[in-house]
Amino acid sequence: MNEHVKSYLNEILPASPDWAKKLEGEAKENHVPIMDRVSMNFVMQLIRIKKPKRILEIGTAIGYSALRMVEASPESKVVTIEKDEVRYQQALNNIKANNKEDRIRVLLGDALEKLKGLEDNSFDFIFIDAAKGKYRDFFILSEGLLVNDGLIISDNVLFRGYVAKPEEAHRRHEKMVEKIRVYNEWLFKHTNFSTSIVPIGDGVAISLKNNKKGNYLHE
């Protein structure tokens, strides 16, 4: 997103609650990647519209986005998965501090393993914001967990704009950019989902699960 537009939107967005400001400050200070306020506001709006009963998040970090999703839909329940034990504990502490233990359940472990143990067709809304190189694997494992007409949201799918100009990416990002480009193209070809990418924040893909299941092959 154009920095002038992003700055403008940040200025007119409603102020974050005090607890969210605290987590935003802590994340910035400790270099913990969380959604920027504009992107988070967008995802919260999708949740307000969708009114999901159950939300699955892949990539908890310190619990910021899970808490904000519950803020947007207080009746929703969230299951969120975090691989890093330190961040897992931080998330538990933040969720407890905000009295949301009854709304948010945090699982510790590799999402590729944890997803296999979850109940089929039990989520209305799935949010992927973890290791970008594994996005397609996360998506494939999430498909069966999503109800028809459910949404899968993938964050960071434009990766600083480098997906459009991969030749400008730093060498250390080249493989990552290529994987995201492949993932984006794969999403649009997926016959069981209708996908749109919104150039907000670092790029947000919205994939709607179709009612009729096709014969899509995970190539």
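Alanine 61 is buried, with a relative accessible area of 10%. In this predicted model, Ala61 sits in the loop that runs between strand S1 (54-58) and H4. Its backbone is a bit of a surprise: phi is positive, about 55°, although the residue is not a glycine.

Aspartate 149 does something along those lines too. Its phi is near 70°, again a positive value in a residue other than glycine. Asp149, though, belongs to a strand, S5 (residues 146-155). And how buried or exposed is aspartate 149? It counts as partly exposed, because its relative accessible area is 33% and the partly exposed class runs between 20% and 50%.

Back to H4, the helix that follows the Ala61 loop. H4 is mostly covered, with eight of its nine residues buried. Those buried residues are Tyr64, Ser65, Ala66, Leu67, Arg68, Met69, Val70 and Ala72. One of them, Arg68, turns up again as a contact of proline 17, together with Glu71, once neighbours within four places in sequence are left aside. Proline 17 itself is in the loop between helix H1 (3-12) and helix H2 (18-29). With a relative accessible area of 24%, Pro17 is partly exposed.

H4 also has a part in the largest pocket, which has a volume of about 760 Å³. Which residues come closest to the centre of that pocket? Of the 33 that line it, they are Pro33, Asp129, Ala130, Lys132 and Asn156. The elements that give two or more residues to the lining are helix H4 (64-72) and strand S2 (77-82). Sorted by class, the lining holds 13 nonpolar, seven polar and 13 charged residues.

Now for a helix pair. Helix H7 (residues 135-143) packs against helix H8 (residues 174-189) at an angle of about 30°, and the two axes are 9 Å apart. Why call H7 roughly parallel to H8? Because angles under 35 degrees fall in that class. On the H7 side, the contact is made by Tyr135, Arg136, Phe139, Ile140 and Glu143, while H8 brings Tyr183, Trp186 and Leu187. A helix has 3.6 residues a turn, so residues three or four places apart point the same way. By class, the residues of this contact divide into six nonpolar, no polar and two charged.

Leucine 115 is worth a look as well. This residue is found in the loop between helix H6 (111-114) and strand S4 (123-128). Is leucine 115 buried or exposed? It is buried, because its relative accessible area is 2% and the cut-off for that class is under 20%. Not counting residues up to four places away in sequence, Leu115 touches Leu56, Ile58, Ile81, Phe138, Leu141, Ser142 and Leu145.

Towards the start of the chain, two more residues can be picked out. Glutamate 11 is in helix H1, and at 63% relative accessibility it counts as exposed. Asparagine 41 lies in helix H3 (residues 37-50) and is partly exposed, with a relative accessible area of 29%. Setting aside residues up to four places away in sequence, Asn41 touches Leu13 and Arg48.

Here is how some of these residues are placed relative to others along the chain and in space.

| Residue pair | Apart in sequence | C-alpha to C-alpha |
|---|---|---|
| Leucine 115 and lysine 83 | 32 residues | 12 Å |
| Proline 17 and glutamate 57 | 40 residues | 21 Å |
| Glutamate 11 and valine 38 | 27 residues | 10.0 Å |
| Asparagine 41 and proline 14 | 27 residues | 9.3 Å |

Two rows deserve to be read together: glutamate 11 with valine 38 are 27 residues apart along the chain and separated by 10.0 Å, and asparagine 41 with proline 14 are 27 residues apart and separated by 9.3 Å. Proline 17 and glutamate 57, by contrast, are 40 residues apart with 21 Å between their C-alpha atoms.

Definitions and conventions
Residues numbered from 1 in each chain as written. Predicted model: local features only at pLDDT ≥ 70, side-chain atom pairs only at ≥ 80, totals over all residues. Heavy atoms only, no water. 1 Å grid on protein atoms, 1.4 Å probe; cavity = no way out; pocket = protein on both sides within 12 Å on 5 of 7 lines; lining within 4 Å. Points joined across faces, edges and corners; volume = space filled by probe spheres on them. Helix = DSSP H or I, 4+ residues; strand = E, 2+ residues; numbered from the N terminus. Nonpolar A, V, L, I, M, F, W, Y, C, P; charged D, E, K, R; others polar. Axes fitted to C-alpha atoms, helices over the stretch in contact; angles between N-to-C directions. Parallel < 35°, antiparallel > 145°, perpendicular 65-115°, else oblique. Contact = heavy atoms within 4.5 Å. Buried < 20%, exposed > 50% of the residue type's maximum accessible area, 1.4 Å probe, protein only.
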